[in-house]
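Please open the model in your viewer and keep the selection panel at hand. The stops below each begin with something to select, followed by what is to be found there.

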Amino acid sequence: MITPSANRLVSVITPVHNDGKYIDATATSIFQQSLTDFEWILVDDGSNGETAAVLARLAASDPRIRVITNPKAYGPARARNTGIAAATGEYIAFLDADDIWDTNKLEQQVGFMRTHDLDFSYHDYIPFEDGSGRPLSKICGPNRLTLFSHNARRGIGCLAVMLKRKIAGDGVFPAMPPGLVAEDFAAWAILIKAGLRGKRLPKALAWYRVRKRSFSSNKFRSAHSVWFIMRTMEGFGKITSAFFLASYLFNAMTSRLVARVSGPLQTLASPPWH
């Protein structure tokens, strides 16, 4: 039996905005974790009544779940910061309300963090097509995160990141101008510039759901946002920023070609796509 506890080893933070259709699949991947010493903080970011009811049901089913309700939708970055401020775990991990973790994700990543004495870490993940469940590619970040590798390679998704609670303060995701995204890209740059140590765990331990009309799927908006971050938050000139964007596009296209040539990608044994 799972009993209430004032402090857990890991705080899992999930922003939720009208994701009632997907949250049960996400919950399954969390409840099946081999490491059970966690709290799950669901930040309801102005969802409709249907999603709020799903969250209430989940919270009633397990004492490790807490629901924090925002009065209106502030966006995933501010919702994650709200979750960070409320977190009590030694480590913090992020999982969006439509994504999926491998059952050993938390156990393996905590062990990796402790073995290498890291401030934060990240692992590989596999995007899959919403509806069909078809794996699309494999996303791998650089083995060691520096400002150069972060900007030239990228590939650090929120669902793959774990960080020590003590470095997070009341939030790590900066506010962005209206219409811009990529707060997570900016957050990792801030951690690097602060001298914190990040490293790759070279295993695919998560699956990222690609929804056709998702906010982050607008490639032009994403590129524009990254350009803004490079020029204003990181302080790079136009030539350096253009070089980094070109490097990222080259690496992204190369990884897709390699994925196609290498054959079928890793999939879940019983994929809860719906």
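Select Ala152 to begin: in this predicted model, its relative accessibility is 7%, and because the cut-off for buried is under 20%, Ala152 counts as buried. The residue belongs to helix α5, which covers residues 147-153. Now add Phe244, Ser247, Tyr248 and Asn251 to the selection, since these are the residues that Ala152 touches when those up to four places away in sequence are not counted. For Asn251, draw a distance between C-alpha atoms: Ala152 and Asn251 are 99 residues apart along the chain, yet these two atoms are separated by 8.1 Å.

Next, colour the strands and look at the sheet as a unit. Eight strands form an open sheet of mixed pairing, and reading across it gives the order β3-β2-β1-β4-β7-β6-β8-β5. The edges are taken by β3 (65-70) and β5 (100-101), each of which has a single partner strand, so that one side of each is left without a neighbour in the sheet.

Within that sheet, select β1 (10-16). Seven of the seven residues of β1 are buried, so the strand is largely enclosed by the rest of the structure. Showing side chains separates two sets: Val10, Val12, Thr14 and Val16 point one way from β1, whereas Ser11, Ile13 and Pro15 point the other way, and all are buried. Then add strand β2 (residues 38-45), which pairs with β1 in the parallel sense over seven bridges; to place one of the pairs, pick Val16, whose bridge partner in β2 is Asp44.

Move from β1 into the loop that connects it with α1, where Asn18 is found. Most residues other than glycine have a negative phi. Asn18, however, has a positive phi near 55°, and with 33% relative accessibility it counts as partly exposed. A second residue can be selected for comparison: Ala182, in the loop between β7 (161-164) and α6 (183-193), also has a positive phi, of about 70°, although it is not a glycine. Ala182 is buried, with a relative accessible area of 12%.

Select helix α1 (residues 23-31) together with helix α2 (residues 49-61); how are the two arranged? They pack at an angle of about 20°, with their axes 11 Å apart, and because angles under 35 degrees count as roughly parallel, that is the description of α1 relative to α2. The contact is made by Ile23, Asp24, Ala27 and Phe31 on the α1 side and by Val54, Leu55, Arg57, Leu58 and Ser61 on the α2 side. Colouring these residues by class shows six nonpolar, one polar and two charged residues in the contact of α1 with α2. The crossing of the two helices, α1 and α2, is right-handed.

For the last stop, go to helix α4 (residues 105-116) and select Gln109. Is this residue buried or exposed? Gln109 has 0% relative accessibility and therefore counts as buried. Leaving aside its neighbours within four places in sequence, Gln109 is in contact with Ser121, Tyr122, His123, Ala160, Val161, Met162 and Leu201. From there, Ser121 leads back into the sheet, where it stands opposite Lys199 in β8. To finish, show strand β6 (residues 120-129) and strand β8 (residues 198-210) side by side; these two pair in the parallel sense over nine bridges.

Methods
Residues numbered from 1 in each chain as written. Predicted model: local features only at pLDDT ≥ 70, side-chain atom pairs only at ≥ 80, totals over all residues. Heavy atoms only, no water. Helix = DSSP H or I, 4+ residues; strand = E, 2+ residues; numbered from the N terminus. Buried < 20%, exposed > 50% of the residue type's maximum accessible area, 1.4 Å probe, protein only. Contact = heavy atoms within 4.5 Å. Axes fitted to C-alpha atoms, helices over the stretch in contact; angles between N-to-C directions. Parallel < 35°, antiparallel > 145°, perpendicular 65-115°, else oblique. Left-handed = near helix turned anticlockwise from the far one by under 90°. Nonpolar A, V, L, I, M, F, W, Y, C, P; charged D, E, K, R; others polar. Pairing = 2+ DSSP bridges.
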